[in-house]
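Q: Could you take a close look at one helix and at the nonpolar core that it helps to build? I would like the criteria stated as you go.

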Amino acid sequence: MKVPLLDVNAQNLPLEEELTATFTRVLRSGRFIMGPEVEALEAEVAEFVGARHGIGVASGTDAILVALMALDIGPGDEVLCPTFTFFATAGCISRTGAIPVFVDACPVCFNMDVEDAARKVTERTKAIIPVHLFGQSAEMDAVIALAGEHDLYVIEDGAQAIGSRYKGRGCGTIGEFGTYSFFPSKNLGGFGDGGMVVCNDESLAERARILRMHGSKPKYFHREVGGNFRLDPLQAALLRVKLRRYGDYTRARQENAAYYTRKLSALEGVVTAAPAHCCCASVQDESLEEARVVLPTCYEHNEHIWNQFTLRVRGEGQRDALKRHLGDCEIGCEIYYPLTMDQQECFTNLPESSRTGNEVAHRLADEVLSIPVYPELTREMQDVVVGALGKFLGVD
Ligand SMILES: *Cc1c(COP(=O)(O)O)cnc(C)c1O
């Protein structure tokens with residue numbers, strides 16, 4: 001049985017009638033830029049995550065860029081961000097002219113090691129961008145404490161974590177800005193590119209709205225330079241259909257993750273990284289020494305939405321061997337991410353000090369492998385994945 005890493009049709013085609021009717025509604029409205037569909041999605045997402053304002057934008061990348069621009073981040077500034085993340089986080093910092101300063105990762109939750117962030121603060125540091133990687137919140141109390149101490153802005157990159165929670169609070173609603181992506185592989189996946197910025201401060205929200213439309217207010221009067229960062233109403237209307245089902249999608253992902261955890265931890269050589277191993281303190285990894293595969297874990301104070309279910313495969317070459325084995329079994333899997341930001345060619349011109357001390361992240365880049373966890377995955381398919389892992393470990 002083939003098991004894909006993600007199956008967008010399995011989610012979208014059951015909604016075909018409603019999606020088609022929605023398309024027809026937008027088509028007949030003749031309104032293809034901004035307007036009521038965008039405003040409705042903004043209000044619905046803001047309410048869903050628990051923020052006061054939502055600003056629809058063209059992608060999760062533009063969401064980060066607009067947030068940085070609204071906070072006047074630019075040349076001469078440094079911004080702390082994880083080194084183990086998708087490129088957009090660091091790329092946007094760089095595009096403003098600021099210097100991204102790369103922070104090491106926690107080996108248990110994969111998120112930013114805030115103690116390492118603290119070591120990398122300088123008098124030029126203006127902001128910190130925690131990423132809620134794979135659907136689980138970064139350690140926000142520590143981030144907010146560090147930001148308070150050094151007067152830093154906080155932008156939460158919630159591209160993979162819309163609707164996930166930290167101590168009951170929606171990811172993305174804690175810092176100055178939160179950013180989301182509607183890229184089709186994200187938990188709220190659209191039909192092309194899309195994104196959203198959320199915030200609680202009225203004047204920051206207004207600034208982001210103005211920047212989204214070339215910095216103009218009123219139209220054709222530009223006090224500052226913005227861009228075209230708008231979300232299409234067609235995309236917004238279609239996303240509203242899926243937002244109504246989002247709770248079901250999340251529940252299914254959580255059940256799938258729980259099933260994997262139960263089944264996989266029964267295999268010899270597989271362990272769950274105990275929450276006690278974190279967070280963001282110098283992590284003692286010895287009790288994991290014997291493990292060949294380490295399962296992802298969710299801290300008790302977090303609600304994880306499982307954008308990815310990411311294994312750590314230990315031992316030289318073992319991750320790549322498992323990837324090949326799953327490929328032979330026609331099971332989808334992917335390495336998120338094979339190279340950390342401090343290792344990227346485009347950042348080799350950055351000052352050495354912004355790229356040092358990321359040993360944990362480098363190890364993760366060598367060990368991680370994400371396996372299918374999407375909502376429509378069946379138990380039968382999961383059993384195929386578990387069986388293939390057992391075979392690889394020689395314990396089935
Ligand atoms: C996907 C993603 C982005 C970018 O979102 P796009 O909508 O693809 O531009 C940014 N940050 C993280 C962590 C992501 O996973």
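A: What follows describes one helix, its cover and the core. This is a predicted model, in which local features need pLDDT of at least 70 and side-chain atom pairs count only at pLDDT 80 or more, while totals for chains, interfaces and linings use all residues. Residues are numbered from 1 along each chain as its sequence is written, and side-chain values use heavy atoms, with hydrogens and water left out.

Helix H11 spans residues 318–328 (helices are DSSP runs of H or I with at least four residues, strands are E runs of at least two, both numbered from the N terminus). Its buried residues are Arg-319, Leu-322, His-325 and Leu-326, where buried means under 20% relative accessible area and exposed over 50%, with a 1.4 Å probe and protein chains only. Seen down the axis of H11, these residues fall within an arc of 120°, so they line one face of the helix; the arc is that of the directions from the helix axis to the C-beta atoms. On the other side of H11, Arg-324 and Asp-328 are exposed. The cover over the buried residues includes strands E13 and E14 and helices H12 and H13, and Glu-330, with a positive phi near 60°, follows H11.

The largest nonpolar core has 40 residues, a core being a set of buried Ala, Val, Leu, Ile, Met, Phe, Trp, Tyr and Cys residues joined through side-chain atoms within 4.5 Å. H11 is among the elements that each supply at least two residues of this core, and H13 gives the most, with 7 residues.

Definitions and conventions. Contact means heavy atoms within 4.5 Å.
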